[in-house]
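Let's take a walk through this protein together, with the sequence and the model side by side. Please open both and follow along at your own pace.

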Amino acid sequence: MSHSDADREFMARALALAERGLYTATPNPRVGCVIVKGGAIVGAGWHEAAGRPHAEINALLEAGAAAQGATMYVTLEPCSHQGRTPPCADAVIRAGIARVVAAMQDPNPIVSGNGFGRLRGKGVEVAHGLMQEEARELNIGYVSRMAHGRPWVRMKIAATLDGRTALANGKSQWITGEASRRDGHHFRARACAVLTGIGTVKDDDPQLNVRYVDTKRQPLRVLVDSRLEVPEGARILAGGSVLVAAARGDAGKIEALRARGVEVLVLPNPHGKVELPELVRELGRRGINEVHVEAGTRLNGSLLREGCVDELLVYLAPGLIGDTGRGMFSLPEFTELAQKIPLSIRDVSRVGEDIRVIARL
């Protein structure tokens, strides 16, 4: 089905509304909705947080009686199941909406296509696929979790132009400028979890919380610490939700961490390290849509080698450290160029004095 310029304009408005839930909608998808009658918007809404009304319901409440015979533009297929809130498809039918234009079908198996089917069964005209790629990008973590059972893992790296992330002694604060650090916090804020390793905690003692973005929600902090070496005074343990993934069960240390409200998961692999793919799957089972990694060379390399990374977020600073500095990834030696890990560059932007590169595996 072809779409008019007006259709695209209204769907773009719905996508802009959906983006308002960028930091808060998790574990639900970010969804926006506008209701149009006579060429004018009569209702608009977006989904703010789990347990709160969905975008369609908020738009219908604003539209009131004007929803009768109107067209609804929504960024995701209206749900057809009873969750924390009633099915949106039923509310759309009751309101008398004549036409629904959705950007994409819901990848959730309990919804996928059922919402559209319910609408069509009641005589509502349904079209989908308009600005589908934009809608998918907005919910890339939700799509990954529904389609593959695992979150979208985005790895953030700050490096010099020669690819060095720290001095040989581990010092890295600050390689990039303040504009890049602030930009990075927007990616932290949209993530459901921020993941790091014990090496980074020892070197930098980071808080790993969101500070430069006004948000009501802090992501879960995940620490990969095979031998449970995290110091009791580490800032990552202070306040908020923390999960430590270990490879051995030191009962005394586990009890001390749990007494501080820290959850400990013991997930060993055959080499005495944390089984990273299983950790990622476990985060998916917990409703984590996006994981933001800020780790060191070794954990970065392990995550990459074990197929746990979807996207690289790299900030390159205009400076050089040289071969003694630490690299981005600890990887085995390649003997042929054909062994290199291929990437797809998605975006290159200037952030302050630095360059930001977004690449996908």
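Is Cys308 buried or exposed? Cys308 counts as buried because its relative accessibility is 2%, below the 20% cut-off for that class. Keep in mind as you look around that this is a predicted model.

Let's stay with the cysteines for a moment. A disulfide is a covalent bond between the sulfur atoms of two cysteines. The structure holds zero disulfides. Cys192 is in no disulfide, and its nearest cysteine sulfur, that of Cys308, is 17 Å away. Seen from the other end, the closest cysteine sulfur to that of Cys308 is in Cys192, and at 17 Å it is too far for a bond; a disulfide would need the two sulfurs within 2.5 Å. Cys192 also counts as buried, because its relative accessibility is 6%.

Now turn to the sheet. Five strands form an open sheet, and reading across it you meet them in the order E2-E1-E3-E4-E5, with mixed pairing. At its edges are strand E2 (40-46) and strand E5 (125-128), each of which pairs on one side only. On average, neighbouring strands of this sheet are turned by 15° against each other, direction ignored. Strands of a sheet pair through backbone hydrogen bonds, either parallel or antiparallel. Strand E4 (residues 99-102) and E5 are a parallel pair, joined over four bridges. To find your place between them, look for Val101, which stands opposite Ala127 in E5.

Which helices lie against these strands? Helix H1 packs on the sheet, where it touches strand E1 (32-37), E2, strand E3 (71-74) and E4, and its direction makes about 145° with that of E1. Helix H2 (residues 55-63) lies across E1, E2 and E3, running at about 140° to E2.

From here you can step into the interior. The largest nonpolar core has 45 residues, and those with the most contacts inside it are Met11, Ile35, Leu60, Met72, Ile97 and Val100. Helix H1 (residues 5-18) gives the most to this core, with six residues. Met11 is a good residue to zoom in on: leaving aside residues up to four places away in sequence, it touches Tyr73, Val74, Thr75, Val101, Ala102, Ala103, Leu130 and Met131. Apart from this core lies another, of 34 residues, among them Met155, Leu276, Val291 and Leu303.

Leu276 leads us on to helix H10, where it is one of the buried residues. H10 (residues 276-285) is largely enclosed by the rest of the structure, because seven of its ten residues are buried. Those buried residues are Leu276, Pro277, Leu279, Val280, Glu282, Leu283 and Gly284. Just after H10, you will find Gly287 with a positive phi of about 85°.

Next come the charged side chains. Side chains of opposite charge can pair when their charged atoms come close. The structure holds 29 salt bridges, and a few are worth visiting one by one. Start with Glu48 and Lys216, whose closest N and O atoms are 2.9 Å apart. This pair links distant parts of the chain: Glu48 is in the loop between E2 and H2, while Lys216 is in the loop between helix H8 (198-204) and strand E8 (220-224), 168 residues apart. Glu48 counts as buried at 18% relative accessibility, whereas Lys216 is exposed, with a relative accessible area of 74%.

Lys156 forms a salt bridge with Glu294, the closest N and O atoms being 3.8 Å apart. Lys156 sits in strand E6 and Glu294 in the loop between strand E11 (290-293) and helix H11 (297-305), so the pair links parts of the chain that are 138 residues apart. Lys156 and Glu294 are both buried.Asp203 and Arg326 also meet in a salt bridge, at 2.9 Å from N to O. Asp203 lies in helix H8 and Arg326 in the loop between strand E12 (311-317) and strand E13 (344-351), so the pair ties together parts that are 123 residues apart in sequence. Asp203 counts as partly exposed at 39% relative accessibility, and Arg326 counts as partly exposed at 31%. Finally, look for the network of salt bridges that links Arg30, Glu137, Arg154, Arg190, Glu290, Glu311, Arg346 and Arg360.

Terms used
Residues are numbered from 1 along each chain as its sequence is written. This is a predicted model: local features need pLDDT of at least 70, side-chain atom pairs count only at pLDDT 80 or more; totals for chains, interfaces and linings use all residues. Side-chain values use heavy atoms; hydrogens and water are left out. Buried means under 20% relative accessible area, exposed over 50%, partly exposed in between (1.4 Å probe, protein chains only). Helices (H or I, at least four residues) and strands (E, at least two) are DSSP runs, numbered from the N terminus. A nonpolar core is a set of buried Ala, Val, Leu, Ile, Met, Phe, Trp, Tyr and Cys residues joined through side-chain atoms within 4.5 Å. Contact means heavy atoms within 4.5 Å. Two strands pair if DSSP finds at least two bridges between them. Axes are lines fitted to C-alpha atoms, for helices over the stretch in contact, and angles run from 0 to 180 degrees between N-to-C directions. A salt bridge is a side-chain nitrogen of Lys or Arg within 4 Å of a carboxyl oxygen of Asp or Glu.
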